[in-house]
Amino acid sequence: MKWLAKFGLGCAVILAVALADLPLRAEPGVLGSLPIARPTTTTRAPSVDQAAYPAPALDATTPSSDTIPAASSQTGQTTVTGIRVGDRGAETRFVVELSGPQAVRYHVFTLADPYRVVVDMQNMSSHLPDVAGLKGGGLIADYRYGVFQQNTFRIVIDTTVPVAVSRNFTLEPQGGFGRRVVLDLAQTDPVSFMSSVGLPDSDNAAVQAEAVRPVVAPVAPSRPEIRHDRRRVVVIDPGHGGVDPGTHGKSGVLEKDVVLAFGRELAKRLRESGRYDVHMTRDRDFFIPLRDRVAFARRHKADLFISIHADSIAKSDVRGLSVYTLSETASDKEAAALARKENLSDAIAGIDFQGESPEVTGILIDLVQRETKNYSARFAKSIVDYTRHSTTLLDPTHRFAGFVVLKAPDVPSVLVELGFLTNSADEKRLTSSKWRTSVATSFVRAIDRYFGDRLAEGPN
């Protein structure tokens, strides 16, 4: 009987440790903690809506050729395995569950407009489901996560009011739980919040600032002339990425994955032609600030910049491809709304706009850019002419608005919305490898005609 008593005492101790963690439990309607025994592979949640997202069933199914695979996590790293939110009345607790033997290096800071708390974790991979966004609880409106920069996993927490991080600590593995990062958020007043806004004051602040602040390449504007002595340079920009998933479809497919798959296909087709030097702003799942995308195109002396996106709208019957060029006056209210949404990408990813360089934003309506916009419009027409034979088009197809990503003063640029993920027919097409091949081929023909026409005109 003594051994039984000892066994009972041991169980009581373990139970007591577990009960001590109960304040961290997920509240109803909030993402629950994943089971302690976690497989190393996951698939995307089977459905996505605006409600809270439960952890999906874990499955090791290999995706078919017509699926958009999520980015796989790196091996040999500490891994994020779960997130929990607990409403504790005056405070809201946010817990990040980890696995792996290595201690975690992370930074926590706040940003304004809107109110956000940002957690950057270094050398971290993730086994979390790849979804568009998660509802919070208490002072947390919602949160999202993903790869922000190389070796940086970012969690962005949107709060309903200005908050202060009242406590921020790490719990070492104990009682069957792995290592956990814990944040306690408490409401504060706007003045106190604004006094704490900004990047962390630490030995790594300079490195952090370099990773977070948009960087504009110091390239002087030049006329967008065709260079006859080299192959044309085409920059493909798959939108969103990492911590910014973009929009999503009813099946749970994410815009960032759809546009990356199409961008890769288009790059492949252009390279196979042998006529172009092709660069992609991203070829995997990570985030790039909008103005860094512009700077990337200018740094590579691009002759053409194509930003790839997928659209969403409340009306599920709206469908079709559309192409946008830059204008300070939108062609219609839908184009204006789309530009506002796409221009929020940096805020969604937790970008700090303090000290933003005026170099790009100040160069909008000069002679060089007027010429650039004319060439952009000509390429947009070419896209419309060729894609009408391979996919459904939105009417009118060519539209214009003030997209930040199109503001390179000397690079003809377009933003293409491949279709609407909120339309079931478009969503099916956009996730089809056959459709990607057909439409990418149409893009190549449109690019060929654009450069062919300009060469036929002779030097500018």
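Hi everyone. Let me start with one term: a residue counts as buried when its relative accessible area is under 20%. Please keep in mind that what we are looking at is a predicted model.

Let's begin with strand E3, residues 106-111, where six of the six residues are buried. Which residues sit on each side of E3? On one side we have Tyr106, Val108 and Thr110, and on the other His107, Phe109 and Leu111, so by the under-20% cut-off both faces are covered.

Now, who is the partner of E3? Strand E4, residues 116-122, runs antiparallel to E3, and six bridges join the two. If you'd like one pair to find on screen, take His107, whose bridge partner in E4 is Asp120. Together E3 and E4 make a hairpin with four residues between them. In that turn, have a look at Asp113, which has a positive phi of about 55°.

Next, the open sheet. Its five strands come in the order E5-E1-E2-E10-E9, and the pairing is mixed. E5 and strand E9, residues 163-171, are at the edges; each has a single partner strand, so one side of each has no neighbour in the sheet. On average, neighbouring strands here are turned by 30° against each other, ignoring direction.

For E5, strand E1, residues 78-87, pairs with it in the parallel sense over three bridges. There you can spot Thr78 opposite Met124 of E5.

Finally, follow the chain into the loop between E5 and strand E6, and you meet Asp130. Is Asp130 buried or exposed? Its relative accessible area is 14%, so it is buried. The C-alpha atoms of Asp130 and Asp257 are separated by 9.9 Å, with their positions 127 residues apart along the chain. Thanks for listening!

Technical notes. Residues numbered from 1 in each chain as written. Predicted model: local features only at pLDDT ≥ 70, side-chain atom pairs only at ≥ 80, totals over all residues. Heavy atoms only, no water. Buried < 20%, exposed > 50% of the residue type's maximum accessible area, 1.4 Å probe, protein only. Pairing = 2+ DSSP bridges. Axes fitted to C-alpha atoms, helices over the stretch in contact; angles between N-to-C directions.
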